[in-house]
Amino acid sequence: DVRLRQVPAELVAALRYSGRWSQQRYDDHKAKLESWVAERGWRPAGEPILARYDPPFKPWFLRRNEVLIPLRQGSSP
């Protein structure tokens, strides 16, 4: 089943990466994004989110993934 729902707009930091998904790859990219966010003085507003956009039959080298970290409004330095 596919269900659509509207979600409120929010500010997020995103790091895109390609290839197959694995917990290790997600953890590595999440750590990079968390470091980038912290270096700039931003504060997370929630838990990191994994976004996988492609079906399993798409070739691994064309797959797109993202790590998203919601940010607090007005938290920049």
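## A charge over a ring

Start with a neat detail: Arg64 places its charged end over the ring of Tyr53, 4.2 Å from the ring's centre. Keep in mind that this is a predicted model. Arg64 belongs to strand 3. How buried or exposed is Arg64? With a relative accessible area of 29%, Arg64 is partly exposed.

Tyr53 isn't the whole story for this arginine. Leaving out residues up to four places away in sequence, Arg64 touches Arg16, Tyr17, Ala51, Arg52, Tyr53 and Asp54. Arg64 and Val2 are 62 residues apart in sequence, and their C-alpha atoms are 20 Å apart in space.

One of those contacts, Arg52, has a ring of its own to sit over. Arg52 lies over the face of Trp21, at 4.6 Å from the ring centre.

## The overall layout

Now zoom out. The protein chain has one helix and three strands, and along the sequence they come in the pattern β-α-β-β. Taken along the principal axes, the C-alpha atoms fill a box of roughly 45 × 30 × 15 Å.

How much of the chain is buried? Of its 77 residues, 22% count as buried. As for contacts between residues at least 6 apart in sequence, 64% of them join residues at least 24 apart.

## Helix 1 and its two sides

Helix 1 covers residues 23-39, which makes 17 residues. At 1.5 Å a residue, you'd expect a span of 24 Å, and the end C-alpha atoms are indeed 24 Å apart, so the two values agree.

Which residues of helix 1 are buried? They are Tyr26, His29, Leu33 and Val37. Looking down the axis of helix 1, you'd find its buried residues within an arc of 80°, so they line one face of the helix. There's a simple rule behind this kind of pattern: an α-helix has 3.6 residues a turn, so residues three or four places apart point the same way.

What covers these buried residues includes strand 1 (12-18), strand 2 (49-52) and strand 3 (64-70). On the face of helix 1 turned away from the buried side, you'll find the exposed residues Gln24, Lys32, Ala38 and Glu39.

Lys30 is also in helix 1, and it's partly exposed because its relative accessibility is 22%, while buried means under 20%. Setting aside neighbours within four places in sequence, Lys30 is in contact with Pro48 and Val67.

## The nonpolar core

In soluble globular proteins, nonpolar side chains tend to be buried together. Which residues make up the largest nonpolar core here? It has eight residues: Ala13, Tyr17, Tyr26, Leu33, Val37, Val67, Ile69 and Leu71. Strand 1, helix 1 and strand 3 each supply at least two residues of this core. The largest share, three residues, comes from helix 1.

Leu33 is a good residue to click on. Not counting residues up to four places away in sequence, Leu33 touches Ala13, Ala14, Leu15, Val67, Leu68 and Ile69.

## An aromatic pair

How many aromatic pairs are there? The count comes to one. The partners are Trp60 and Phe61, with ring centres 5.7 Å apart and planes at 90°, so the pair is edge-to-face. Trp60 counts as partly exposed, at 44% relative accessibility.

## After the helix and before the strands

What follows helix 1? That's Gly41, whose phi is positive, near 80°. Gly41 lies in the loop between helix 1 and strand 2, and with a relative accessible area of 36% this glycine is partly exposed. Gly41 and Leu4 are 37 residues apart in sequence, and their C-alpha atoms are 34 Å apart in space.

At the other end of the story, Pro8 lies in the segment before strand 1. Is Pro8 buried or exposed? Its relative accessibility is 70%, so Pro8 counts as exposed. From C-alpha to C-alpha, Pro8 is 32 Å from Phe61, which is 53 residues away in sequence. Between Pro8 and Lys30, 22 residues apart along the chain, the C-alpha separation is 23 Å.

How values were computed
Residues are numbered from 1 along each chain as its sequence is written. Side-chain values use heavy atoms; hydrogens and water are left out. Helices (H or I, at least four residues) and strands (E, at least two) are DSSP runs, numbered from the N terminus. The expected span of a helix is 1.5 Å times one less than its number of residues. Buried means under 20% relative accessible area, exposed over 50%, partly exposed in between (1.4 Å probe, protein chains only). The arc is that of the directions from the helix axis to the C-beta atoms. Contact means heavy atoms within 4.5 Å. Rings of Phe, Tyr and Trp (its six-membered ring) pair if their centres lie within 6.5 Å; planes under 30 degrees apart count as stacked, over 60 as edge-to-face and the rest as tilted. A charge sits over a ring if NZ of Lys or CZ of Arg is within 6 Å of the ring centre and within 35 degrees of the ring normal. A nonpolar core is a set of buried Ala, Val, Leu, Ile, Met, Phe, Trp, Tyr and Cys residues joined through side-chain atoms within 4.5 Å.
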